[in-house]
Amino acid sequence: MARYVEHARAWEFDEDRSRWEQILEVLLSRIESGEWGPKFKISEVKLMEEFGVSRPTIRKAMERLREANKIYTVPNLGSFVSVPEGEATSTGNTLEK
């Protein structure tokens with residue numbers, strides 16, 4: 001399973017746009033590029049540290065990813081990258097949400 005890669009970039013946000021929107025673009029890029037593969041666990045704490053923002057800002061970006069079916073959340077376990085529709089699981093069945 002993929003590991004969380006530390007991104008040592010000092011973020012400079014565009015002050016004309018919401019920070020959560022800019023973070024959303026970065027997270028979506030990581031998912032679509034395959035850097036974060038299916039079932040990758042996303043750490044809110046690590047994202048807060050990386051981007052230097054509060055938890056509500058991270059959660060707003062995560063909420064948008066959930067609405068777009070890019071991630072799913074399991075209560076008491078965390079948020080994970082969704083398995084693309086039609087992709088088989090190890091048992092040969094498609095993942096049901």
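The following paragraphs describe the nonpolar core, the second helix, the aromatic pairs and the salt bridges of a predicted model. Residues are numbered from 1 along each chain as its sequence is written, and side-chain values use heavy atoms, with hydrogens and water left out. Because the model is predicted, local features need pLDDT of at least 70 and side-chain atom pairs count only at pLDDT 80 or more, whereas totals for chains, interfaces and linings use all residues.

The largest nonpolar core, a term that denotes a set of buried Ala, Val, Leu, Ile, Met, Phe, Trp, Tyr and Cys residues joined through side-chain atoms within 4.5 Å, comprises 20 residues, of which Ile-23, Leu-27, Trp-36, Ile-42, Leu-47 and Phe-51 touch the most other members. Here buried means under 20% relative accessible area, exposed means over 50%, and partly exposed lies in between, as evaluated with a 1.4 Å probe on protein chains only. At least two residues of this core are supplied by each of helix 1 (19-33), helix 2 (44-51) and helix 3 (55-67), the helices being DSSP runs of H or I with at least four residues and the strands runs of E with at least two, numbered from the N terminus. Helix 1 gives the most to the core, with 6 residues. When residues up to four places away in sequence are not counted, Leu-27 touches Trp-36, Leu-47, Phe-51, Ala-61, Met-62 and Leu-65, where contact means heavy atoms within 4.5 Å. In soluble globular proteins, nonpolar side chains tend to be buried together.

In helix 2, the buried residues are Glu-44, Leu-47, Glu-50 and Phe-51. Seen down the axis of helix 2, these residues fall within an arc of 125°, so they line one face of the helix; the arc is that of the directions from the helix axis to the C-beta atoms. The buried residues of helix 2 pack against helix 1, strand 1 (41-42) and helix 3. Helix 2 is followed by Gly-52, whose phi is positive, near 65°.

The structure contains 2 aromatic pairs, identified where ring centres of Phe, Tyr and Trp (its six-membered ring) lie within 6.5 Å, with planes under 30 degrees apart counted as stacked, over 60 as edge-to-face and the rest as tilted. The rings of Trp-36 and Phe-40 have centres 5.2 Å apart and planes at 20°, so this pair is stacked; Trp-36 is buried at 2% relative accessible area, and Phe-40 is buried at 3%. The rings of Tyr-72 and Phe-80 are also stacked, with their centres 5.6 Å apart and their planes at 25°. Within that pair, Tyr-72 counts as partly exposed at 22% relative accessibility, whereas Phe-80 counts as buried at 15%.

A search of the whole structure finds 7 salt bridges, each defined as a side-chain nitrogen of Lys or Arg within 4 Å of a carboxyl oxygen of Asp or Glu. Arg-17 forms a salt bridge with Glu-25, the closest N and O atoms being 2.5 Å apart, and both partners are partly exposed, Arg-17 at 31% relative accessibility and Glu-25 at 46%. A further salt bridge joins Arg-19 to Glu-15 (3.6 Å, N to O), with Arg-19 partly exposed at 36% and Glu-15 exposed at 63%. The side chains of Glu-63 and Arg-64 likewise meet in a salt bridge (3.6 Å, N to O). Glu-44, Arg-55 and Arg-59 are joined into one network by salt bridges that share partners.
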